[in-house]
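User: I would like a close look at one part of this model, taken slowly and with its surroundings in view.

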Amino acid sequence: MALIKSLTTNNRFYTLVTAESGIRNADTVERIPEDLHLGIAYPCLEDGLNDFAVIRTTYETLEFFPDDEEMRRELMEIIHDARAKLTRRLEELRERIAARKAHFLGTDLEEFKAYLLDVVHRGYPRRNLDSMMKLNVFMSVAEAEGSSNGIEPLYHFEFRHESDVPRLAQLPAREFVAALFADVLESVQDDSNYANRYLFDRNVFQKFIALMFVNYATTDPIFYGINKADYGVSEDKEMDTTPLYLAVGRELRSIEAQLELEDRLARGEYPPVEAPAAAMEEAVQLPQEVLLPGTLINEDVLLGPIASICAAAKQLRKQEDRETTEFARIILADASRLVQELKRLNLLSPMANDPGA
């Protein structure tokens, strides 16, 4: 397990590496290899806040020198540099998520999509967003727009092309999240959003913070990196036994196994599911009243067939026939409920991947 940083984009990702790769935890590389599967968890998205903070602080400084053109040129150059860094960050995130090379760890992407669409249609209290994210951005925008006292102002996530929302809502969760990053990236690249701090906050900063908020809301808290044992990542510290690194490693291995299975099924290779001989003998001798064990020696005995069913259903979901895609949705939903029930019965670990999600 390693948390590595790209010199090209300044992004940090978790990944599984071999000793032969030469990559160690807390390493910095010129560019992250394309063949690695990357995990997104704390502090991967949080790093982008540095660029936003530079831009916003520079705008605040500009307000003290409204008539100093030379100062304005120098400060706008700082904004330009931070904006370029932010663009490189978001481009890499968008591309790697879309290519199934970067994965949100411990995050239910279907819930992520539903939550974000809820913020689009129903809105979310601006004051709460500022409080939870420890900022003063959402209320600052509301005040600039003349929000009335006594009325709780709501924030609605606005896609740049509002007419695209119905189409985006039909996308699979991973494609939806990739489109979300593409939308934020377009906002960062739009020159008109840098005329003043208000426009930057409204059209750029708010979006990224809302994205982070939804990510937090739909992610297992163990991936927040808030356990004291997770503090102080470095190459000199043994991190593999910390709660965060244990969870990240387990999740990445599960994701890689799931992707390999999906690729094999896409090629028409259907691996046989074989029950261990000992398990078969035990099954023959079961009494009429079935007693479920408290722990399962091999989760793959259960997850293997479920993952195969889900991978086949995901292929069916790509069909244009509405009835076929609805059957696929039902299969995936029921498979997810089955996994949750197996977790409740302690037959699967709470950290086990849900292939129906």
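Does tyrosine 115 count as buried, partly exposed or exposed, and what is its relative accessibility? Please also describe the aromatic pairing around this residue.

Analyst: Bear in mind that this is a predicted model. Tyrosine 115 has a relative accessibility of 23%, and because buried means under 20% and exposed over 50%, tyrosine 115 counts as partly exposed. A search of the whole structure finds 15 aromatic pairs. In one of them, the ring centres of tyrosine 115 and phenylalanine 213 lie 6.0 Å apart with the ring planes at 80°, and since planes over 60 degrees apart count as edge-to-face, that is how this pair is classed. The two partners come from distant parts of the chain, with tyrosine 115 in helix H3 (residues 109–121) and phenylalanine 213 in helix H8, 98 residues apart. Phenylalanine 213, at a relative accessible area of 6%, is buried, whereas tyrosine 115 is partly exposed.

Helix H8 (197–217) also has a part elsewhere, as it is among the elements that cover the buried residues of helix H2, together with others that include helix H1 (49–62) and helix H7 (173–189). Those buried residues of H2 include Leu75, Ile79, Leu86 and Leu90, as well as charged ones such as Arg83 and Glu92. Helix H2 itself spans residues 69–98 and reaches 42 Å from its first C-alpha to its last, close to the 44 Å expected. At its N-terminal end, aspartate 68 acts as a cap, with a side-chain oxygen 3.3 Å from the backbone nitrogen of glutamate 70. Aromatic residues also gather in one cluster formed by Phe52, Tyr59, Tyr194, Phe200, Phe205 and Phe208.

Notes: Residues numbered from 1 in each chain as written. Predicted model: local features only at pLDDT ≥ 70, side-chain atom pairs only at ≥ 80, totals over all residues. Heavy atoms only, no water. Helix = DSSP H or I, 4+ residues; strand = E, 2+ residues; numbered from the N terminus. Expected span 1.5 Å × (residues − 1). Buried < 20%, exposed > 50% of the residue type's maximum accessible area, 1.4 Å probe, protein only. Contact = heavy atoms within 4.5 Å. Polar contact = N/O pair within 3.5 Å; in protein donor to acceptor, adjacent residues only side chain to side chain. Phe/Tyr/Trp six-rings, centres within 6.5 Å; stacked < 30°, edge-to-face > 60°.
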